[in-house]
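Q: Could you take a close look at one helix here and tell me how it sits in the fold? I'd like to hear about its two faces and whatever surrounds it.

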Amino acid sequence: MDLDDFLRQIDRLAPGGDHSLDTEVATLPVVQRIAITRWLADRLERPVDLDVVSQHRTLGDAWRWLDEVQQSDEPTRGADPLRHRVGESSRVRLRPLVEEDLGPLYLASFDPVTANAWRYRGRTMSPTAFLDSVHEGVRAQYVVESVAGREAFGLVSAYDHSSHGLHCKVAFLRFGARPPGSGGAVIEGMLLFISHLFDTFPYRKVFAEVPDYNMGLFAEGLAQQEGVLRDYLFHAGHPADLHIVSFRRDQWEQVRDATGW
């Protein structure tokens, strides 16, 4: 792969921008950075950090890293994204929630640092009541874990299922350890989960309720904004907007073709 091939692939994985070697990685939406990371990681046979592209300041730095790998004796794969079985990439997989996950999940759900951004919005409850609520209203949910070390990174859930409208909502929660290089793990797990939902159920759309402070996760072409509820939430001492975004089946099929999810 030469430099022109590299930039063409970047344009494919991060559409809608004018990319050059001077493009700063931090300016790309999180999902685009994860897509690029997956592509870079899948070119190597050895495990690569989940946020490898974020460890470079510019796309030029990422290219020089890849070019050094290509010039070495290290084994590499083809340029196309790898096709793994449903619910798994080269770095993370989805697995069922088991009893051993409930303790870390309880602690993450009510951690004062993050509790107001998750399902219970800062409200606490007893462990017994929490266990009763874990599956309440849920259509499907999985733990996101690493392929290499089997560390649990978070939970992805589908809820508010509609058999008439053919849609549901999705959410995620990080829990467990956060080892170096795992920054994009739960988001990549969510993308695998959305593919799983479209494969498994006849959904036309999958919705997500996204607070204003998390809208940087989404890129043009990945999700569309359906509406905004102004000052709907209270976060960090201030009102915050809640955005309703959706993933359409036809659009998601194009995303999968480009990324392998």
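A: Here's a walk around helix α4, followed by the pocket and the cores.

Keep in mind that this is a predicted model. α4 covers 99-109, and its buried residues are Asp101, Leu105, Ala108 and Ser109. Looking down the helix axis, those buried residues fall within an arc of 90°, so they line one face of α4. That fits a general rule: an α-helix has 3.6 residues a turn, so residues three or four places apart point the same way. Flip to the face turned away from the buried side and you'll find Glu99, Glu100 and Leu107, which are exposed.

What does the buried side of α4 pack against? Its partners are β1 (92-95), α5 (127-133), β2, β3 and β4.

Now the pocket. α4 is one of the elements that each supply at least two residues to the lining of the largest pocket, which has a volume of about 1000 Å³. Of the 45 lining residues, Ala117, Trp118, Ala171, Phe172 and Leu173 are the closest to the centre. β4, one of the packing partners of α4, gives the most to that lining, with five residues. By type, the lining splits into 30 nonpolar, seven polar and eight charged residues.

Then the cores. The largest nonpolar core has 51 residues, with Phe6, Val170 and Trp252 among those with the most contacts inside it. α6 gives the most to this core, with 10 residues. Apart from it lies another core, of 15 residues, including Leu105, Phe110, Ala171 and Phe175. Leu105 also belongs to the buried set of α4, while Ala171 is one of the residues closest to the pocket's centre.

Terms used
Residues are numbered from 1 along each chain as its sequence is written. This is a predicted model: local features need pLDDT of at least 70, side-chain atom pairs count only at pLDDT 80 or more; totals for chains, interfaces and linings use all residues. Side-chain values use heavy atoms; hydrogens and water are left out. On a 1 Å grid over the protein atoms alone, a cavity is a set of points where a 1.4 Å probe fits but cannot get out, and a pocket is an open set with protein on both sides within 12 Å along at least five of seven lines; lining residues have an atom within 4 Å of a point. Grid points are joined across faces, edges and corners, and a volume is the space filled by probe spheres set on the points. Helices (H or I, at least four residues) and strands (E, at least two) are DSSP runs, numbered from the N terminus. Ala, Val, Leu, Ile, Met, Phe, Trp, Tyr, Cys and Pro count as nonpolar, Asp, Glu, Lys and Arg as charged, and the others, Gly among them, as polar. A nonpolar core is a set of buried Ala, Val, Leu, Ile, Met, Phe, Trp, Tyr and Cys residues joined through side-chain atoms within 4.5 Å. Buried means under 20% relative accessible area, exposed over 50%, partly exposed in between (1.4 Å probe, protein chains only). The arc is that of the directions from the helix axis to the C-beta atoms. Contact means heavy atoms within 4.5 Å.
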